[in-house]
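The following account examines a helix packing and a protein–DNA surface. Please consult the sequence and the structure alongside it.

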Protein chains: 2
Amino acid sequence: MQIGVIEVPTRKALLVQKIEEQILSGQLRVGDSLPSERQLQEETHISKTMIHAALVELEQKGFLEITPRRGAVVANYAESGTMETLNARIRLNGGNMTKKQARSFMEARIAIEGTALRLLARQHTDEDLAYLEAIIARADALLERDIPDDNALADTLFCYHRGICLRSGNEFFPLLLNEFRPIIMGFWLRSIAVFGAASNVHLAKRYLELIRAGDAEGAFHRLERSVNEYLSCLNEQ
Amino acid sequence: MQIGVIEVPTRKALLVQKIEEQILSGQLRVGDSLPSERQLQEETHISKTMIHAALVELEQKGFLEITPRRGAVVANYAESGTMETLNARIRLNGGNMTKKQARSFMEARIAIEGTALRLLARQHTDEDLAYLEAIIARADALLERDIPDDNALADTLFCYHRGICLRSGNEFFPLLLNEFRPIIMGFWLRSIAVFGAASNVHLAKRYLELIRAGDAEGAFHRLERSVNEYLSCLNEQ
DNA sequence: TGAGACAGCTGGTCGGCCCAGGTGATGTGA
DNA sequence: TCACATCACCTGGGCCGACCAGCTGTCTCA
């Protein structure tokens, strides 16, 4: 067994996590007021500087709404949240998405990556193809190893699909994928576990062929098909 | 002419902006080390606490990578960046997007909001419609005011379109819109300036009609059309 | 020559300062 | 009795200088 690196969390990170848990578990409800920074300081024995920094971080993540000189209330994070908020929710659930989240994720994937696939299939240079081929080569190298490294393969698949977005010419799509990163990594790990490593790499190659052939609709429908396969596989469990 | 609120920037914000500029202008390159917090303290005459807070903020934005007791280096923000990074880049450019960014933004809008429109048109409850109608009513109230408040209207339009994503049933879409928020707000302000306040509210009502009628493709194509109108209008300038 | 101590560096944290603005109790005048 | 002005108190926001713990390169001593 592997233990891996042990990192000491900072007090601030622990406080952020604690409050996140209280919010997500429902102990703190939307609209509830948090104790004042000075009260939290007394409770937790953490300095006001760090308390303040933690609350600001939670506000950026969309969990809190801080009004100067009024206090902090739990925000409606379903409405005001960002991807950070969602990542935190999934992380707290042990990294597992609910069925609805999984379906939402797949819809978003088709919307974003499907558009990128179409764009790239319609218009691409040899350089674009070489860029993607290089990543596929990395995946092939991983397949041939004696000891499988699912994490490395998932990372490579992530880079490949981000590469499609990157090369589609749209400046927003790759950034959106970065925002999703923890979720997408979890998805690929699961996909590798369910369909096998080779099958996933094979599918990646198929996308490249369709892009090279300029078959925008074919690439799009291939993505739709694989998404549906994954979702139906999820429903069986 | 309006002068508007004048806000005194904090030292921390100024420092963040300064470092962002240095990174985006290329004076600080990806991989470069930053001076230590103490060195920055001496240079800038700002306390170490604030220096530290500024660096943490830049790390959250994806510009820096901080390792405890080792220092901070400039991160590869083009690859690892998030929407935050993009927001910062646009803000630094005076809030103006490049043509390519504008086109990318519109593509992303069609991909995400277009999908949400389709979903909502196909499947919606009376409650969904009432939710959107309430926001439209807010917009109407703003239109009837003597003194136009473009910012408030842009905010209402943002809430309306986020509402479409929210009610589409997809958990990801509204979060993505929140991520874009500063960019979208800039877009609506410009759209109000170009097409007028009433025209924008009218268009919002049109979407609601199409949703109510269950005309998924009609709603989608209406969005495509308005996007193309905006882009061609941008090209004329 | 090599192992260990140590000094000097790093980011992380602390507690306290003052500020501006919001809130609610108190007191005052009509 | 009630409306209104006053004021003490509390809030978050920004900032400071000191201290802590841990890494690293150097320097010493066996």
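The paragraphs below treat the helix packing and then the DNA surface.

This is a predicted model, in which local features need pLDDT of at least 70 and side-chain atom pairs count only at pLDDT 80 or more, while totals for chains, interfaces and linings use all residues. Residues are numbered from 1 along each chain as its sequence is written, chains are lettered from A and ligands numbered from 1 in the order in which they are written, and side-chain values use heavy atoms, without hydrogens and water.

In chain A, helix 6 (residues 99–122) packs against helix 9 (residues 173–195) at an angle of about 130°, with the axes 12 Å apart. Helix 6 of chain A is therefore oblique to helix 9 of chain A. Here helices are DSSP runs of H or I with at least four residues, strands are runs of E with at least two, and both are numbered from the N terminus. Oblique covers angles that are not under 35 degrees (roughly parallel), over 145 (roughly antiparallel) or 65 to 115 (roughly perpendicular).

Of the 21 residues around DNA strand D, those that come nearest are Arg38(A), His52(A), Arg69(A), Ser47(B) and Thr49(B); a residue is near a strand if one of its heavy atoms lies within 4 Å of it. A polar side-chain atom of Arg38(A) is 2.7 Å from a base nitrogen of DNA strand D, and a backbone N or O atom of Ser47(B) is 2.8 Å from a phosphate oxygen of that strand. Helix 3 of chain B gives the most to the surface near DNA strand D, with 3 residues.

Note on methods:
Axes are lines fitted to C-alpha atoms, for helices over the stretch in contact, and angles run from 0 to 180 degrees between N-to-C directions. A polar contact is a pair of N or O atoms within 3.5 Å; within protein, one must be able to donate a hydrogen and the other to accept it, and residues adjacent in sequence count only if both atoms are side-chain atoms.
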